[in-house]
Amino acid sequence: MMKTIIEPFRIKTVEPIRFTTEEERENILKEAGYNPFLFHADDVLIDLLTDSGTAAMSAKQWSGIMDGDESYAGARSFYRFENAVRDITGYTFIIPTHQGRAAEKILFTILGKEGKSIPNNTHFDTTRANIEYSGAEAVDLVIEEGKDPNSLHPFKGNMDINKLEKFIQETGAENIPIGMMTVTNNAGGGQPVSMENLREVRDVFHKYNIPFFLDACRFAENAYFIKLREKGYGDKSVKEIAQEMFSLADGCTMSAKKDALVNMGGFIAMNDEKLAQLSRNILIVTEGFPTYGGLAGRDLEAIAQGLEEVVDEHYLRYRLRSVEYLGEKLIDAGVPILQPPGGHAIYINAKEFTPHIPPEHFPGQALVCELFRFGGIRAVEIGSVMFGKHDKKTGAFIPASMELVRLAIPRRVYTQSHIDYVVEVIIEIFKRREALCGYKITYEAPMLRHFTALFEPIT
Ligand SMILES: *Cc1c(COP(=O)(O)O)cnc(C)c1O
């Protein structure tokens with residue numbers, strides 16, 4: 001077989017990207033208070049801010065957009081969507097929502113309240129926020145290797161079974177209305193979960209009669225990792241593996257903005273009829289009628305088509321390889337990254353990249369700013385800007401556990417030469433990393449400060 005893994009598509013529609021000079025980018029940075037969330041996207045050359053809702057749709061998805069049935073109730077597009085979701089998940093009740101967090105909001109409005117706890121490998125931030133908003137507690141039980149940036153464990157998204165048993169016994173099963181697993185583990189670096197671990201986790205939850213749901217945003221990427229890495233799955237199709245993953249759980253929440261290859265959408269699906277009824281009651285108040293749930297008929301068509309395309313193994317081979325390719329080139333150049341590469345992003349370890357910048361001066365933000373200033377690349381800090389705190393009594397700075405810069409790769413958007421360019425920019429910055437300076441915050445909001453904070457360089 002040929003060594004080069006090529007993009008399994010040709011390009012029919014293109015969108016120009018805008019080149020700017022370093023001088024222009026310095027002004028853009030200054031005007032945005034050195035916060036890339038405040039840029040105009042038109043000023044960005046290569047946008048690696050997120051893989052959420054940024055996929056390129058296929059010609060068939062776009063033709064589905066024209067073909068969408070916009071009937072208020074019982075639209076043809078809903079039934080196509082329902083069939084596509086059921087084909088992969090096997091679940092009986094399928095409820096569309098406008099995105100993943102809307103599915104979470106419905107689920108935890110029903111199941112969460114003060115005194116309840118909900119375990120997961122690692123809760124994604126919207127999941128955590130929805131659980132905490134309901135009054136319940138969100139608990140992370142990922143294996144220890146999942147927290148070590150240099151561990152090469154093949155399934156760093158796995159849950160620690162012993163911790164889970166202990167947690168259930170201490171908390172009491174009656175206080176745990178649901179258990180979850182996020183595939184792949186986004187907040188833990190896009191790391192996969194093994195089928196064996198899913199099975200063990202299912203067994204523990206079911207032993208205590210706790211329903212088990214997947215946060216399935218990247219189910220196809222996770223299934224392909226299982227095919228590549230887990231014994232006994234090499235000859236199974238990704239679709240079969242995905243079906244087996246879903247069969248172990250009682251339901252799922254999903255952001256279609258990830259592995260359904262669309263720009264907007266989501267769903268919640270389950271086998272429990274009573275839970276489905278309660279979910280639809282909330283859906284009608286907050287999202288819409290159960291056959292559209294906050295989406296247009298055309299969106300449902302695009303999701304149905306995307307779910308067929310995402311389990312295509314030529315696509316997944318290219319997808320995981322293109323992320324790994326970026327990771328490999330950086331490792332070869334000595335750039336410290338979180339290992340092994342995850343399914344949707346590469347995370348640069350900024351603590352090691354710029355050891356001369358202390359966490360309170362935000363090494364990740366320093367690198368994010370330089371990526372844009374020097375190369376026009378937008379990335380996101382996942383470190384002390386996002387998770388750092390001050391002690392309520394002493395005011396002392398408490399850093400995040402890791403200082404990371406995430407390069408999230410949008411699906412089917414950039415080619416290998418775009419990625420080669422990104423590699424070149426990072427290596428150039430790495431060579432003169434001592435020249436990077438830290439930043440201080442000049443404005444911050446009381447919650448989720450990273451979205452709107454303003455900074456100044458410390459020179
Ligand atoms: C994106 C994401 C969500 C939330 O989905 P939205 O569509 O952004 O609301 C939930 N869980 C995980 C793991 C995600 O990656």
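**Notes on the ligand shell and the two sheets**

1. Start with the ligand. Helix H4 (residues 100-111) supplies the largest share of the shell around it, 3 residues. Keep in mind while reading that this is a predicted model. There are 14 residues around the ligand, and those that come nearest are Arg 101, Asp 215, Arg 218, Ser 255 and Lys 258. Sorted by class, the shell comes out as 6 charged, 6 polar and 2 nonpolar residues.

2. Now for the polar atom pairs. An N or O atom in the side chain of Asp 215 sits 2.8 Å from a nitrogen atom of the ligand. For Arg 218, a side-chain N or O atom is 2.8 Å from an oxygen atom of the ligand. Gln 99 also has a polar side-chain atom 2.9 Å from a ligand oxygen atom. As for cover, the ligand taken alone exposes 380 Å², and the protein buries 98% of that.

3. On to the sheet with 5 strands. It is open, runs in the order S2-S8-S7-S6-S5, and has mixed pairing. Strand S2 (93-97) and S5 are the edge strands; each has a single partner strand, so one side of each has no neighbour in the sheet. From one strand to the next, the twist averages 15 degrees. If you want a place to look at the pairing, try S2 and strand S8 (residues 266-270), which are antiparallel over 5 bridges. There, Ile 94 stands opposite Ala 269 in S8.

4. Which helices go with this sheet? Helix H3 (residues 76-89) lies across S2, strand S7 (251-255) and S8, and runs at about 120 degrees to S2. H7 packs on the sheet too, touching S5 and S6, with its direction at about 145 degrees to that of S6.

5. The other sheet on my list is an open one of 3 strands, ordered S9-S14-S11, with antiparallel pairing. Strand S9 (345-349) and strand S11 (380-382) are at the edges, each pairing on one side only. Here the twist averages 35 degrees from one strand to the next. S11 and strand S14 (residues 404-408) pair in the antiparallel sense over 3 bridges, and Ile 382 stands opposite Leu 404 in S14.

6. Helix H14 (residues 363-375) has two sets of partners worth a look. It lies across S9, S11 and S14, running at about 40 degrees to S14. It also packs with helix H1 (residues 22-31), at an angle of about 145 degrees and with the axes 7 Å apart. On the H1 side the contact is made by Glu 22, Arg 25, Glu 26, Ile 28 and Leu 29, and on the H14 side by Cys 369, Phe 372, Arg 373, Phe 374 and Gly 375. By class, that contact has 5 nonpolar, 4 charged and 1 polar residues.

7. Where are the backbone spots to check by eye? A cis peptide bond joins Val 183 and Thr 184, with omega about -20 degrees; Thr 184 is in the loop between strand S5 (179-182) and helix H7 (195-207). The peptide bond from Gln 339 to Pro 340 is cis as well, with omega near -15 degrees, and Pro 340 is in the loop between helix H12 (313-332) and S9. Last, Asn 209 has phi near 60 degrees, a positive value in a residue other than glycine. Asn 209 lies in the loop between H7 and strand S6 (212-215).

Notes: Residues numbered from 1 in each chain as written. Predicted model: local features only at pLDDT ≥ 70, side-chain atom pairs only at ≥ 80, totals over all residues. Heavy atoms only, no water. Pairing = 2+ DSSP bridges. Helix = DSSP H or I, 4+ residues; strand = E, 2+ residues; numbered from the N terminus. Axes fitted to C-alpha atoms, helices over the stretch in contact; angles between N-to-C directions. Contact = heavy atoms within 4.5 Å. Nonpolar A, V, L, I, M, F, W, Y, C, P; charged D, E, K, R; others polar. Near = heavy atom within 4 Å. Polar contact = N/O pair within 3.5 Å; in protein donor to acceptor, adjacent residues only side chain to side chain. Areas by Shrake-Rupley, 256 points an atom, 1.4 Å probe, with all protein chains shown as cover.
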